[in-house]
Amino acid sequence: MTPEEIRAIEIRLGYIFLDQELLVQALTRKAAAQEQRQKGNLCEDQEVFRTLGDAVLKAILTELLIHQGYTTRGSITQKKEKLENEENLSAMLRAMEITPIVGIGERSIGVQEQSLALAETFEAIVAAIYKDGGYEIIKKLVVKWFSPLI
């Protein structure tokens, strides 16, 4: 990715990375990383970040829903599941005009446009911001992104 592309994504996210490599890793799917490694380039993929981002997102959304007046475990769980479903996460990334970095094979079948790939990339970006800026920063962004949906 060029510095200009990274900067444009940072602007759309509303967050400037101290370590831009975290953003690149969050955007890079496994196939793309493997292709880069086969060329002898060092490249990390988003897989671990997706797991971390999912956990961070769940914690923040739970806290947000409690603050919004949801008082039972069932109501919190139900609303949280709706907020963090594949369609919502992919729609947010589409609205920000951010797509994952995919491998050649994935690109040929349009993986970069698929809801699952976009949702996973959203979770990876949450993790990257969390690692780069900490909990309070990602919490502010998640609240900003999700409050209109509550």
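This presentation describes the fold, two helix contacts and two pockets of the structure shown above.

Good morning, colleagues. Please keep in mind throughout that the structure is a predicted model.

I begin with the overall fold. The protein chain contains nine helices and zero strands. Read along the sequence, the pattern is accordingly α-α-α-α-α-α-α-α-α. Taken along the principal axes, the C-alpha atoms fill a box of roughly 55 × 30 × 25 Å. The radius of gyration of the protein chain is 16 Å, which agrees with the value near 15 Å that a compact globule of 150 residues would have.

I turn now to how helices meet. Two packed helices are described by the angle between their axes and the distance between the axes. For α1 and α2, the angle is about 85° and the axes lie 11 Å apart. That angle makes α1 roughly perpendicular to α2. Which residues meet in this contact of α1 with α2? From α1 come Ile6, Ile9, Glu10 and Leu13, and from α2 come Gln20, Leu23, Val24 and Leu27. By class, the residues of this contact are six nonpolar, one polar and one charged.

The next pair is α8, residues 115–133, and α9, residues 135–146. Their axes come within 7 Å and cross at roughly 145°. On the α8 side, Phe122, Val126, Ile129, Tyr130 and Gly133 take part, and they meet Tyr135, Ile137, Ile138, Leu141, Trp145 and Phe146 of α9. The contact of α8 with α9 has 10 nonpolar residues, one polar residue and no charged residues.

The remaining topic is the pockets. The largest pocket has a volume of about 200 Å³. Two elements give two or more residues to the lining of this pocket, namely α1 (3–13) and α2 (20–27). Of these, α2 gives the most, with three residues. The full lining consists of Met1, Glu5, Ile9, Glu21, Val24, Leu27, Thr28, Thr99, Pro100, Ile101 and Arg107. Among them, Ile9, Val24 and Leu27 are also residues of the contact between α1 and α2. The lining of the largest pocket divides into six nonpolar, two polar and three charged residues.

The second largest pocket holds about 160 Å³ of space. Where does the largest share of its lining come from? That share comes from α3, with three residues. The elements giving two or more residues to this lining are α3 (30–38) and α7 (104–108). The lining residues are Thr28, Ala32, Glu35, Gln36, Lys39, Cys43, Ile101, Val102, Gly103, Ile104 and Arg107. By class, the second lining has five nonpolar, three polar and three charged residues. Thr28, Ile101 and Arg107 appear in the linings of both pockets.

To conclude, this is a predicted model of a chain with nine helices and zero strands. In it, α1 and α2 meet in a contact and also contribute to the lining of the largest pocket. Thank you for your attention.

How values were computed
Residues numbered from 1 in each chain as written. Predicted model: local features only at pLDDT ≥ 70, side-chain atom pairs only at ≥ 80, totals over all residues. Heavy atoms only, no water. 1 Å grid on protein atoms, 1.4 Å probe; cavity = no way out; pocket = protein on both sides within 12 Å on 5 of 7 lines; lining within 4 Å. Points joined across faces, edges and corners; volume = space filled by probe spheres on them. Helix = DSSP H or I, 4+ residues; strand = E, 2+ residues; numbered from the N terminus. Nonpolar A, V, L, I, M, F, W, Y, C, P; charged D, E, K, R; others polar. Axes fitted to C-alpha atoms, helices over the stretch in contact; angles between N-to-C directions. Parallel < 35°, antiparallel > 145°, perpendicular 65-115°, else oblique. Contact = heavy atoms within 4.5 Å. Rg over C-alpha atoms; globule rule 2.2 N^0.38 Å.
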